[in-house]
Amino acid sequence: MARVTRDYIKSLPKAELHMHLEGSLEPELMFQLAERNKIKLRFKSIEEVKKAYKFKDLQSFLDIYYEGANVLRRSEDFYDLTTAYLQRCMDDGIDHVEPFFDPQTHLARGVGLEVQLEGIGAALRDAGSRWGISSGLILCILRHLPPEEGMQLYQLARPMIGEFIGIGLDSSELNHPPRKFSHIYEAARADGLKLVAHAGEEGPPTYVWEALQMLKVQRIDHGVQALNDNKLVEHLINQQIPLTVCPNSNVRLKVFEKMCDHPILQMLDQGMNVSINSDDPAYFGGYLVDNFMEVDKALEMSRKHAALLARNSITAAFLDPQRKAQLLARLPLEEIRS
Ligand code: HPA
Ligand code: ZN
């Protein structure tokens with residue numbers, strides 16, 4: 001079996017479909033922005049910040065992730081954050097990105113949606129012209145907040161609908177089932193937006209069913225808990241519903257104890273439409289290619305596996321057929337057919 005190398009993964013055409021911009025805030029940039037905005041951090045050094053990144057579950061991570069986002073105040077901050085991520089994409093050979101952002105986190109601190117979108121949008125456009133990276137931004141609703149507030153956000157965002165391609169649902173999953181948000185998804189669908197939602201990260205398979213049947217999402221973010229429901233697995237395979245899986249995230253948040261326990265390659269071998277993504281790369285130990293290499297280290301990834309994962313990332317992307325075809329044409333067909 002031909003194993004992957006870092007250069008091999010970099011050379012494949014790829015899209016990243018599950019990455020939270022706030023989760024790409026590296027401690028170095030956190031300190032720079034804190035200084036720029038005269039914000040006092042409770043950490044004295046970068047090492048101290050990194051030491052705090054020990055999580056026992058999703059909630060313990062989210063607490064520190066929202067704290068970090070506090071340094072983002074001006075449109076330049078959002079520009080710098082997004083550009084730093086896109087530079088990593090460039091280094092990793094990523095062709096297309098569909099990043100998430102959490103407007104409610106920033107609105108709560110008095111940072112307007114226009115301010116957020118101005119910085120993020122300019123960075124995405126610049127990466128397009130400078131590096132040829134195409135993109136579509138996904139606005140996420142925080143599920144730990146009341147659905148009424150999610151709807152208020154959606155109404156606020158509506159006049160700026162040209163700035164994003166779809167909506168997502170993130171934050172604390174347990175006790176916040178997708179069905180609570182179905183009216184927002186209905187409105188977004190009527191407006192022609194793409195629909196995705198986090199489901200089955202820590203939550204039960206019923207949340208994945210709800211996201212599919214009540215929110216009518218086109219992709220599931222995470223979805224690994226689906227493996228506890230055979231009927232659901234069968235449905236996901238038959239319908240080829242994409243799951244954006246995040247191996248490093250799952251291990252750091254103790255969804256699986258060790259990478260050797262991660263089912264990503266089994267899911268792929270079973271015919272599920274899975275891709276690899278970095279989720280919150282500054283918090284979970286690395287970017288997209290790092291995630292591929294961690295999986296390889298623990299589970300031995302063949303070149304065929306890697307090519308199929310890259311193919312799935314492109315077929316699952318919200319891209320026009322022409323760009324999709326252009327990217328798919330760069331896949332090593334001999335590996336895929338082997
Ligand atoms: N799950 C839910 N919400 C999130 C995550 C995640 O992995 N990362 C950032 N927000
Ligand atoms: Zn996520």
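Two exercises with worked solutions follow, both based on a predicted model.

**Exercise 1.** Determine where ligand 1 sits, which residues surround ligand 1, and which polar contacts ligand 1 makes.

*Solution.* Begin with the location: ligand 1 sits in the largest cavity. Next, list the surrounding residues, which are His-20, Leu-58, Phe-61, Leu-62, Tyr-65, Asp-170, Ser-171, His-198, Glu-201, His-222, Asp-279 and Asp-280. Sorted by character, this shell divides into four nonpolar, four polar and four charged residues, and its largest share, four residues, is supplied by helix 4, which spans residues 58-68. Then look for pairs of N or O atoms within 3.5 Å. A nitrogen atom of ligand 1 lies 2.7 Å from a side-chain N or O atom of Glu-201, a backbone N or O atom of Ser-171 is found 2.8 Å from a nitrogen atom of the ligand, and a polar side-chain atom of His-222 lies 3.2 Å from an oxygen atom of ligand 1. Finally, consider the surface: ligand 1 taken alone exposes 260 Å², and the protein buries 100% of that.

**Exercise 2.** Work out the strand order of the seven-stranded open sheet, and examine how strand 6 and strand 7 are joined.

*Solution.* Trace the sheet from one side to the other, which gives the order 3-5-6-7-8-9-10 with parallel pairing. The edges are strand 3 (100-101) and strand 10 (274-276), each of which pairs on one side only. Within the sheet, strand 6 (residues 166-170) runs parallel to strand 7 (residues 194-199), and two bridges join them. To place the two strands in register, note that Ile-167 stands opposite Leu-195 in strand 7.

Key. Residues are numbered from 1 along each chain as its sequence is written. Chains are lettered from A and ligands numbered from 1 in the order in which they are written. This is a predicted model: local features need pLDDT of at least 70, side-chain atom pairs count only at pLDDT 80 or more; totals for chains, interfaces and linings use all residues. Side-chain values use heavy atoms; hydrogens and water are left out. A residue is near a molecule or strand if one of its heavy atoms lies within 4 Å of it. A polar contact is a pair of N or O atoms within 3.5 Å; within protein, one must be able to donate a hydrogen and the other to accept it, and residues adjacent in sequence count only if both atoms are side-chain atoms. Accessible areas come from the Shrake-Rupley method with a 1.4 Å probe; for residues, only the protein chains shown count as cover. On a 1 Å grid over the protein atoms alone, a cavity is a set of points where a 1.4 Å probe fits but cannot get out, and a pocket is an open set with protein on both sides within 12 Å along at least five of seven lines; lining residues have an atom within 4 Å of a point. A molecule sits in a cavity or pocket if more than half of its atoms lie within 2 Å of its grid points. Ala, Val, Leu, Ile, Met, Phe, Trp, Tyr, Cys and Pro count as nonpolar, Asp, Glu, Lys and Arg as charged, and the others, Gly among them, as polar. Two strands pair if DSSP finds at least two bridges between them.
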